[in-house]
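Opening the notebook on a new model today. I want to go through its rings, one lysine and the cores.

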Amino acid sequence: MAMNSSKASPQWLLLAIFISSALYNVNGFWFKLPRTSLSRGLREHYPRILEQNIPDGFETFFYNQTIDHFNYRPESFTTFRQRYLIYSKHWGGGQAPILAFMGAEEPIDDDLKAIGFLTENSERLKALVVFMEHRYYGQSVPFGSRSEALNNTNNRGYFNSAQALADYAEILLHIKKTHDATYSPVIVVGGSYGGELATWFRLKYPHIALGALASSAPVLYYEDITPHNAYYSIVTKNYRDTSETCYQTILKSWAEIQRVGELPDGASILSRQFKTCTPLRNENELRDALAGMYASTSQYGRPPENPIEKFCSAVDRATACGNDSLCKIAAAVFAQKGDRPCYINKPKNRTETDEGWPWQCQQEYGVPPRPNWITTYYGGHDIKLTLQRSTGNIIFSNGLRDPYSAGGVLKNISDNIIALPTVNGSHCLDIVKSNKTSDPDWLVQQRKTEVEIIKGWIAKYYADLKAINKWIPFKLQ
């Protein structure tokens, strides 16, 4: 899984992540980076979390949202219903805090099941909890239907991160007004792409958000800020640190897949060996599936389970395979996924994320890329120099086993722009629902640290209110 240089410059993505469409070279073969989606990883590795019910106490609301916040053409004032949910069980009212979750590239429903940081700390902070759904997903689709919203070129033009941030600004101001919470401090929280949204919201709307918790946000994975091969370099490191022999077996397998695939009936041989759900058209399908699995097991992991350890243990135990690397890899795939009739290229229903996430590709949708727009609009180059002069109150949390941490902020930028990297952490683990019986001490402490930092921001804000005679006595736990 060692990597060479990138094949192409990153392309701008209106949803803000170029990396889902970029290609990267792994031992001479090109692979896409997986999406950053949190619920996708949980659904694959920890489905029990998403089988839970949405916590009691959430109320659903809809805001009549403007389709275009930045122009004044007649069609700009078209509106659509945007969904948000409020959990007010522990809210202190008045100037008590608001914790707002920034929905990302999927319906908000799975986030309500999986994300625990906001509700679990609402009593301690006496906070109002808000979950906001990203435009064009779930029940927040403009133009009457998803097909009309996505299949029309003009309509798709409103599907971008800048419009999404403006949506969230309007909703939060609306909530503050309807809840008589003018001076309530707002802390925005997001994970992955949503973590980027939280960061950018703090930058663009500092008058609304007092602070941001950006979990696993690859804000530096643009242009040439981060080496393009950094993602798969961490995947490689994770496997190699777990087992050198497992790593060497995987390394050997790429050429072996190529060799077998070039045989007259090579695709059929590989299909049978890996028990594919449908016959492989060529060896590239198998390579893509395996690369995706290696990336996914690196990106997601919830202690005490370790998917990489499980896979490599199966590889190293497959002594009956002798020196046959494909035999060992197949045995590990079967062990990893458990008893099932087939294992590779399983048919699946196309999700809203599958439809919405890749729409920026010019070949598929006819939309020209804008390679430098993200860093022009949000920044990224010389981020320390920029952020310490332009904003504050941001926590960048990253698990170093998560390959996307390569594009994250891993060192403190200032006294109030804090990096919290964890050696054994994975993608967005700190904001996922806690587990009192299995969460390791370092994870428990990480969450406590995040809450204490946020409490410090809020306390300073209240002191500032007191200085201008706007303070109403209120005490956090």
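These are my entries on what I looked up, topic by topic.

**Entry 1: aromatic pairs.** A note to self before anything else: this is a predicted model. I searched the whole structure for aromatic pairs and got 21. I pulled up the one between tyrosine 72 and phenylalanine 77, which is tilted, with 6.5 Å centre to centre and 50° between the planes. I checked how open that spot is, and both tyrosine 72 and phenylalanine 77 come out exposed.

Next I looked at tyrosine 461 and tyrosine 462, and they make a tilted pair too, at 5.9 Å centre to centre with 50° between the planes. Are these two tyrosines buried or exposed? Tyrosine 461 has a relative accessible area of 19%, and buried means under 20%, so it goes down as buried. Tyrosine 462 is at 7%, so I wrote it down as buried as well.

I also noted one aromatic cluster, made up of Phe58, Tyr87, Phe101 and Phe131.

**Entry 2: charges over rings.** I went looking for charged side chains sitting on ring faces. Arginine 81 lies over the face of phenylalanine 62, 4.0 Å from the ring centre. Lysine 204 does this with tyrosine 377, again at 4.0 Å from the ring centre.

**Entry 3: lysine 176.** I found this lysine in helix α8, which covers residues 161-178. Why do I call lysine 176 buried? Its relative accessibility is 10%, and the cut-off is under 20%, so it counts as buried.

What does the side chain of lysine 176 reach? I traced it to the backbone oxygen of serine 184, at 3.1 Å. Leaving out residues up to four places away in sequence, lysine 176 touches Ile98, Ala181, Thr182, Ser184 and Val186. I checked the last of those, valine 186: it is 10 residues from lysine 176 in sequence, and the C-alpha atoms are 9.4 Å apart.

**Entry 4: nonpolar cores.** A reminder from the textbook: in soluble globular proteins, nonpolar side chains tend to be buried together. The largest nonpolar core here has 46 residues, and Met132, Val188 and Phe201 have the most contacts inside it. Helix α8 gives the most to this core, with eight residues.

I followed valine 188 outward. Not counting residues up to four places away in sequence, its contacts include Ala100, Met102, Leu172, Phe201 and Leu213.

Apart from that core lies another one, of 37 residues. I jotted down some of its members, among them Leu50, Ile418, Cys428 and Ile454.

Conventions:
Residues numbered from 1 in each chain as written. Predicted model: local features only at pLDDT ≥ 70, side-chain atom pairs only at ≥ 80, totals over all residues. Heavy atoms only, no water. Phe/Tyr/Trp six-rings, centres within 6.5 Å; stacked < 30°, edge-to-face > 60°. Buried < 20%, exposed > 50% of the residue type's maximum accessible area, 1.4 Å probe, protein only. Lys NZ or Arg CZ within 6 Å of the ring centre and 35° of its normal. Helix = DSSP H or I, 4+ residues; strand = E, 2+ residues; numbered from the N terminus. Contact = heavy atoms within 4.5 Å. Polar contact = N/O pair within 3.5 Å; in protein donor to acceptor, adjacent residues only side chain to side chain. Core = buried A, V, L, I, M, F, W, Y, C linked by side-chain atoms within 4.5 Å.
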